[in-house]
Amino acid sequence: MVSEREVLESVPTQLWIGGPVAATGGGTFPVHNPATGEVLTQVADAKPEDAVRALDAAVAVQAQWAARPSRERGEILRTVFEQITARAEEFALLMTLEMGKALPESRNEVKYGAEFFRWFSEEAVRVHGRYLHAPSGTGRIMVHKQPVGPCLAITPWNFPLAMGTRKIGPALAAGCTMIVKPASATPLTMLLLAKLCSEAGLPDGVLSVITSSSSGAVTQPLLDDPRLRKLTFTGSTEVGKKLVEKSSNGLLRTSMELGGNAPFVVFDDADIDAAVQGAMLAKLRNGGEACTAANRFHVQNGVLEEFTTKFVEAMSSGVTLGPGTDPNTTLGPLINEEQLDTVSELVEDAVAAGAEVRLGGKAPGGPGWFYPATILSGVPPQARILREEVFGPVAPIVGFATEEEGIAAANDTEFGLVSYVYTRDLDRALRVAEGLESGMVGVNRGVISDPAAPFGGVKASGFGREGGTEGIEEYLSTKYIALS
């Protein structure tokens, strides 16, 4: 079993641009342990000129990497998948230390995150064009796919590995080079991944990682540089809108996986026990700090109290709050004090508006940024918690009368990432799934993420897809060649 000290010592704490390099000026910033608030280590604090240096490296090898046979690109990705899998415990412990999630959650993320490299190692050789005779009979049409070119990926803190691999995997498979700017709260996992990719044979410059305490300062010169051809971002809708605006001058290809406000809809013909188990997964995966987390529970009035009672019982008996490294812990701390304050404020607002606390509802205090599993019933429509993304282990429950009312309540949000539906009626399941305004729908399932499926939303939840056969298309441009 690898120790915490050994894991931290294995991580390169400098920028990764063709290998470890110091940031201009030698500045650093701290990475904290959310369970204690203590500093884990210091990492390089990149300046704008460091970002340009990373783009220089990406541009220098772009043509060479694009010309590399797709089979060889895929084999490198497959090797990285195998090495992540072999070092799964190391990656899991590192993620728990910097992000706080319980070790079982981190192990699941390692498996999920690594799978994007295996999936896209197989997709690399399946990039197809087409050839046909023009219907007019005047010539032939050839359609060719090419990599878009150097890419910038800006990733969030909640899934330190998977949010990177599901961007890096398709980009590298398509023949693109990539610069990754990880969240300042959780940069260590991505730095370790860059080191591992190099060990697996990835050429220098194909993948760079720039860590910085000021994302805007280091990314702006990249967005202004015409050599950058693609931006992919996972994070808040507010920041996503700003990035789309900033990228408009260069007409960059963009993919935006933004905020969510996922409804979890339970009809009175549902298997309530199964719905409760699905609710546990949909709400508590990653401690509730996921854009796919169920944010609002809409339960038909006929089963409202039964579902609520059983949900409270399941959370009471099945959740243990504590440091993520404790083997008994199933719910770790929130990422930082700011997030703890946000969750606390949303609960307090709901209670002040008339909601009833059925479980939890108050931070325990002490070291670390902990918040208990919480269930609120009778939440009024004006409560902020029904409108804003919670990003914490809080489940607000409201009732509805008819199917039409349930769909309308679920769609009453600016967001549209994912929805969950529980019903035994197949016709209803399909009817409701088609009526929900979201990019993804889980039917009688509490977890839907799969590297083989297209992940993404509609409305204020963004555009573009990650994973599935669609994922690699985000990194390809289409060229039409007219033949006589």
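Mentor: Ground rules: helices (H or I, at least four residues) and strands (E, at least two) are DSSP runs, numbered from the N terminus. This is a predicted model, where local features need pLDDT of at least 70 and side-chain atom pairs count only at pLDDT 80 or more, while totals for chains, interfaces and linings use all residues. Residues are numbered from 1 along each chain as its sequence is written, and side-chain values use heavy atoms, with hydrogens and water left out.

Trainee: OK, where is N286 found?
Mentor: Start with its backbone: N286 isn't a glycine, yet its phi is positive, about 60°. Most residues other than glycine have a negative phi. N286 counts as buried because its relative accessibility is 2% (buried is under 20% relative accessible area, exposed over 50%, partly exposed in between, with a 1.4 Å probe and protein chains only). As for its place, N286 is in the loop between α10 and β13.

Trainee: And N444: buried, partly exposed or exposed?
Mentor: N444 also has a positive phi without being glycine, near 55°. Its place is the loop between β19 (440-443) and β20 (458-459). Because its relative accessibility is 37%, N444 counts as partly exposed.

Trainee: Which residue does UniProt list for "active site"?
Mentor: The record is an unreviewed entry, and UniProt positions follow the numbering used here, with shortened feature names and annotations that may be inferred rather than shown by experiment. The residue sits in strand β11 (residues 253-257) and counts as buried because its relative accessibility is 5%. Leaving aside neighbours within four places in sequence, its contacts (heavy atoms within 4.5 Å) include R166, C291 and E466. The listed residue is E257.

Trainee: How far away is the nearest side chain of opposite charge to E289?
Mentor: E289 lies in the loop between α10 (272-284) and β13 (294-300). Lys and Arg count as positive, Asp and Glu as negative, and His and the chain ends are not counted. E289 is buried but has no salt bridge (a side-chain nitrogen of Lys or Arg within 4 Å of a carboxyl oxygen of Asp or Glu). The nearest candidate is K101, at 7.8 Å.

Trainee: Then which backbone nitrogen does the side chain of E289 reach?
Mentor: Beyond its neighbours within four places in sequence, E289 is in contact with residues including W157, P333 and F391. Its side chain comes to 3.1 Å from a backbone nitrogen. That nitrogen belongs to I335.

Trainee: With which residue does K230 form a salt bridge?
Mentor: The closest N and O atoms of the pair are 3.5 Å apart. K230 is in strand β10 (residues 230-234), and its partner, 244 residues away, is in the loop between β21 (462-463) and β22 (476-483). Both residues are buried. The partner is E474.

Trainee: How many residues apart are R5 and E9?
Mentor: Their side chains meet in a salt bridge at 3.2 Å, N to O. R5 counts as exposed because its relative accessibility is 53%, and E9 is exposed too, given a relative accessible area of 56%. Both lie in helix α1 (residues 4-10), about one turn of the helix, with a spacing of 4 residues.

Trainee: How many residues has the largest nonpolar core?
Mentor: Such a core is a set of buried Ala, Val, Leu, Ile, Met, Phe, Trp, Tyr and Cys residues joined through side-chain atoms within 4.5 Å. Among the residues with the most contacts inside the largest one are I84, L172 and M178. L172 is in contact with residues including W65, L77 and M178, leaving aside its neighbours within four places in sequence. The residue count of the largest core is 63.

Definitions and conventions
Polar contact = N/O pair within 3.5 Å; in protein donor to acceptor, adjacent residues only side chain to side chain.
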